[in-house]
Amino acid sequence: MTQALYITLPEHFNFRSTVYSHGWCELAPFGLDTENWRLSYVFGHGNAAIPVSVYEQGRRLRIDVEGDGFDKQQIIRDVRHILRLDDDLEGLYTSIAGHERLGWVAQKGAGRLLRSPTVFEDLVKTICTTNCSWGLTKSMVNNLVDKLGESGAFPTPGAMAAVDPDFYRDEIRAGYRSPYFVELAEAVAGGKLDPESWLTSDLSTPELKKEMKKVKGVGDYAAENLLKLVGRYDGLALDSWLRSQFYKNHNKQKPCPDKKIERHYKKFGQWRGLVIWCDMTEKWIN
DNA sequence: GCGTCCAGGTCTACC
DNA sequence: GGTAGACCTGGACGC
């Protein structure tokens, strides 16, 4: 049985640019049907797995939900969260106003970065992006969902804490990250760490970054990527891909120190992390 | 077939 | 605070 829910879309929202904002739409339990332009996801609510399919219908977003007995308001809250529907990007658009190269961002209503329903899931996925190819990232995340998730949903901290490092090495193919996942899952499941609190933290960005880096496997890049996903854009989150794109677009293909990249985007202030991301991913969106 | 390199980096030991 | 070396995996590449 399929039920439909609807959300009225805000101004300056672009469904496709949000879905394509970064690689998250390729990571389970997300799925993308580009023929019909539907984004699918499997929510884990309690012990239930709830598959949904999200697509545009005029200025509304339609959510097809499989099954019954689910909490409609929670589904709507979660969809608003993953698509960043309540994010205010006026500051971003103001910071790039009149900029020749970046005019398309405001024009398209781009700048919203797709995220998972929980910071925990984004944290685990971010660790899966470090020091490996994108193909291996997808493989690790697929394995987590297939082997530890409930009916296609992303595994809970409890489920991830219930297996040992050998399981992560042998089944998830997580390599040296294996003990990091056990330690993280145990801390979250045991209440010692609450990544969800990062969404509303009063800490300054440098202090919050420091907190994030206490998690094993989270360094500068991973922390700054997570900061973007909790709505703070004053870190560039430089990784090998972003650096190579900068060299191609702004430095005649030649490598340069990170400080030069930082200088280039300094003028965009607290929005610089989002500006560099939009600047380097223009071809994905347009 | 085999060895090397490197990808959406981070940790630890050492200075 | 800065840096060298180690670290899983798997695909690409050269030989």
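This is a short exchange about a predicted model, covering its two DNA strands, its cavity and its pockets.

Reader: What makes Asn131 count as near DNA strand C?

Author: A residue is near a strand if one of its heavy atoms lies within 4 Å of it. A polar side-chain atom of Asn131 lies 2.8 Å from a base nitrogen of DNA strand C. That value is within the cut-off, so Asn131 counts as near. The residues around DNA strand C are Asn131, Leu136, Arg169, Arg173, Gly175, Tyr176 and Arg177. Of the atoms of that strand within 4 Å of the protein, 68% belong to sugar and phosphate.

Reader: Why is the pair formed by Arg177 and DNA strand C called a polar contact?

Author: A polar contact is a pair of N or O atoms within 3.5 Å. Here a polar side-chain atom of Arg177 lies 2.9 Å from a base oxygen of DNA strand C, so the pair qualifies. Tyr176 uses its backbone instead: a backbone N or O atom lies 3.0 Å from a sugar or linking oxygen of DNA strand C.

Reader: How do you know that Gly23 makes a polar contact with DNA strand B?

Author: A polar backbone atom of Gly23 is 3.5 Å from a base oxygen of DNA strand B. The cut-off is 3.5 Å, so the pair is counted. For Gly217, a polar backbone atom is 2.8 Å from a phosphate oxygen of DNA strand B. For Ser240, a backbone N or O atom lies 2.9 Å from a phosphate oxygen of that strand. Helix 11 (220–229) and helix 12 (240–250) are the elements that give two or more residues to the surface near DNA strand B. Helix 11 supplies the largest share, four residues.

Reader: Which residues come nearest to DNA strand B, and how is the surface near it divided by class?

Author: Asn131, Gly217, Gly219, Ala222 and Ser240 come nearest, out of 21 residues around DNA strand B. The surface has nine nonpolar, nine polar and three charged residues. Gly counts as polar, so Gly217 and Gly219 belong to the polar class.

Reader: How do you know that the largest cavity lies between domain 1 and domain 3?

Author: Domain 1 (2–108) and domain 3 (240–285) both give residues to its lining, so the cavity lies between them. Among the lining residues are Ser17, Ser21, Trp277 and Cys278.

Reader: What makes the space in the largest cavity enough for it to be counted?

Author: The count takes cavities of 30 Å³ or more and comes to one. About 60 Å³ of space lies in the largest cavity.

Reader: Why is the space next to Trp134 and Asp239 called a pocket and not a cavity?

Author: A cavity is a set of points where a probe fits but cannot get out, whereas a pocket is an open set. The largest pocket holds about 580 Å³ of space. It is lined by 22 residues, and Trp134, Asp239, Trp241, Trp277 and Trp284 lie nearest its centre. Helix 6 (134–148), helix 11 and helix 12 each give two or more residues to this lining.

Reader: Which domains supply the lining of the second largest pocket?

Author: Domain 1 (2–108) and domain 2 (119–229) each give at least three residues. The second largest pocket has a volume of about 410 Å³. Its lining has 25 residues, with Gly44, His45, Thr118, Phe154 and Thr156 nearest the centre. Strand 3 gives the largest share, five residues.

Key: Residues are numbered from 1 along each chain as its sequence is written. Chains are lettered from A and ligands numbered from 1 in the order in which they are written. This is a predicted model: local features need pLDDT of at least 70, side-chain atom pairs count only at pLDDT 80 or more; totals for chains, interfaces and linings use all residues. Side-chain values use heavy atoms; hydrogens and water are left out. A polar contact is a pair of N or O atoms within 3.5 Å; within protein, one must be able to donate a hydrogen and the other to accept it, and residues adjacent in sequence count only if both atoms are side-chain atoms. On a 1 Å grid over the protein atoms alone, a cavity is a set of points where a 1.4 Å probe fits but cannot get out, and a pocket is an open set with protein on both sides within 12 Å along at least five of seven lines; lining residues have an atom within 4 Å of a point. Grid points are joined across faces, edges and corners, and a volume is the space filled by probe spheres set on the points. Domain bounds come from an automatic or database domain assignment.
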